[in-house]
Amino acid sequence: MRVVACTLFALVLLWDSVRAENTISSLRAAAVAWKGELPCTNWDCECAFKRQRGCCCAAGELREVEDQVFARVMDLLTSMSQLGDSILEVIGGMRVAFTASMSGRTNCFGPFTRNSPIPYDVITLNHGSGYNPALGIFTAPRSGLYSFSFSVYSKVAKEGERMYYKVQLMRNNEVVASIWEDNREDSEDSSSQTVLLSLQRGGQVYLELMNGRQICGIVEGLNTFSGALIYSTLA
């Protein structure tokens, strides 16, 4: 009896399977024979109804998504590259530093009838090419915080002569620091200063001698002007 029951159950399952296959075949045949437009929206109906299993019926949509993802990834890579460039600029990807001194070609510089930039024409360092020895002017190649140092040495020809000079550190034609001397007691004198200055790209810094003053006894290496970029800024 149990054998008969199992046999009947198997026959029922087989019959259902045959009916299901017939139903699917009927649906497939109806779809193939359909003369109007199939309501598949963005799906590939040709793929869905006429090809074997494993055909990706949403291939078009997936390709569109893939293109969108690829475009987004490329945008992110571009943004990361730009961010890297900005970080490199902020942390100082470019070295900026210079050191120059007055040569001993002349014994005295000045006096002049007006304020005159001092030509520090002996260059020992000029990273970034910001310093122009012909003009004696440093032009900032990038925005940032800079350190500038300068020293002034002068010597009179004989005892009792007046030592009279004033050297000014200028930023964009404005005085930011100065060294001066006016006496008849010293036969020689030397002074120095260091300042920190914020500069925009293209900003200029130089030293000038005040009108009517002079620096004498010039020895190479004693009258110096130097500067260096401490860190860059984006603005």
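These notes walk through a predicted model, from the whole chain down to single residues.

1. **The chain overall.** The chain has 235 residues, and buried residues make up 29% of them. It holds three helices and 13 strands. About 15,400 Å² of the chain is exposed, and carbon and sulfur atoms supply 56% of that area.

2. **Contacts along the sequence.** Take the contacts between residues at least 6 apart in sequence. Of these, 71% join residues at least 24 apart.

3. **The five-stranded sheet.** Start with the order of the strands: E4-E1-E13-E7-E10. The sheet is open, and the pairing is antiparallel. Its edge strands are E4, residues 122–127, and E10, residues 188–199. Each of these pairs on one side only. Neighbouring strands in the sheet are turned by 10 degrees against each other on average, with direction ignored.

4. **Strand E1 and its two partners.** Strand E1 covers residues 97–101 and is joined to E4 by five bridges. The two run antiparallel. On the other pairing, five bridges join E1 to strand E13, residues 224–232. That pair is antiparallel as well. Alanine 100 is a useful residue to find here. It stands opposite isoleucine 123 in E4. It also stands opposite phenylalanine 225 in E13.

5. **Strands E7 and E13.** Follow the sheet on to E7, residues 144–155. Eight bridges pair E7 with E13 in the antiparallel sense. Phenylalanine 150 has phenylalanine 225 in E13 as its bridge partner. Phenylalanine 225 is thus a residue to look at twice, since alanine 100 also stands opposite phenylalanine 225.

6. **Threonine 99.** Which strand holds threonine 99? It is found in E1. Its relative accessible area is 28%, so threonine 99 counts as partly exposed. Leaving aside neighbours within four places in sequence, threonine 99 is in contact with Val122, Ile123, Thr124 and Leu125. Phe225 and Ser226 complete that set of contacts. The C-alpha atoms of threonine 99 and tyrosine 120 are separated by 9.0 Å. Those two residues lie 21 apart along the chain.

7. **A salt bridge.** How many salt bridges are counted? The count comes to one. Arginine 162 forms it with aspartate 182, and the closest N and O atoms are 2.8 Å apart. The pair links distant parts of the chain, 20 residues apart. Arginine 162 sits in the loop between E7 and strand E8, residues 163–171. Aspartate 182 belongs to strand E9, residues 174–183. In general, side chains of opposite charge can pair when their charged atoms come close.

8. **Exposure of the salt-bridge pair.** Are these two side chains buried, exposed or in between? Arginine 162 has a relative accessible area of 37%, so it is classed as partly exposed. Aspartate 182 is also partly exposed, with a value of 38%.

9. **A nonpolar surface patch.** Seek out Val65, Val69, Phe70, Val73, Met74, Leu77 and Met80. Together they make a nonpolar surface patch of about 670 Å². One of these residues, valine 69, is found in helix H3, residues 59–90. Why can valine 69 belong to such a patch? Patch residues need over 30% relative accessible area. Valine 69 has 48%, so it passes that cut-off and is partly exposed.

How values were computed. Residues are numbered from 1 along each chain as its sequence is written. This is a predicted model: local features need pLDDT of at least 70, side-chain atom pairs count only at pLDDT 80 or more; totals for chains, interfaces and linings use all residues. Side-chain values use heavy atoms; hydrogens and water are left out. Patches are made of residues with over 30% relative accessible area and no salt bridge: like charges are joined within 9 Å, nonpolar side chains (Val, Leu, Ile, Met, Phe, Trp, Tyr) within 5 Å. Accessible areas come from the Shrake-Rupley method with a 1.4 Å probe; for residues, only the protein chains shown count as cover. A salt bridge is a side-chain nitrogen of Lys or Arg within 4 Å of a carboxyl oxygen of Asp or Glu. Helices (H or I, at least four residues) and strands (E, at least two) are DSSP runs, numbered from the N terminus. Buried means under 20% relative accessible area, exposed over 50%, partly exposed in between (1.4 Å probe, protein chains only). Two strands pair if DSSP finds at least two bridges between them. Axes are lines fitted to C-alpha atoms, for helices over the stretch in contact, and angles run from 0 to 180 degrees between N-to-C directions. Contact means heavy atoms within 4.5 Å.
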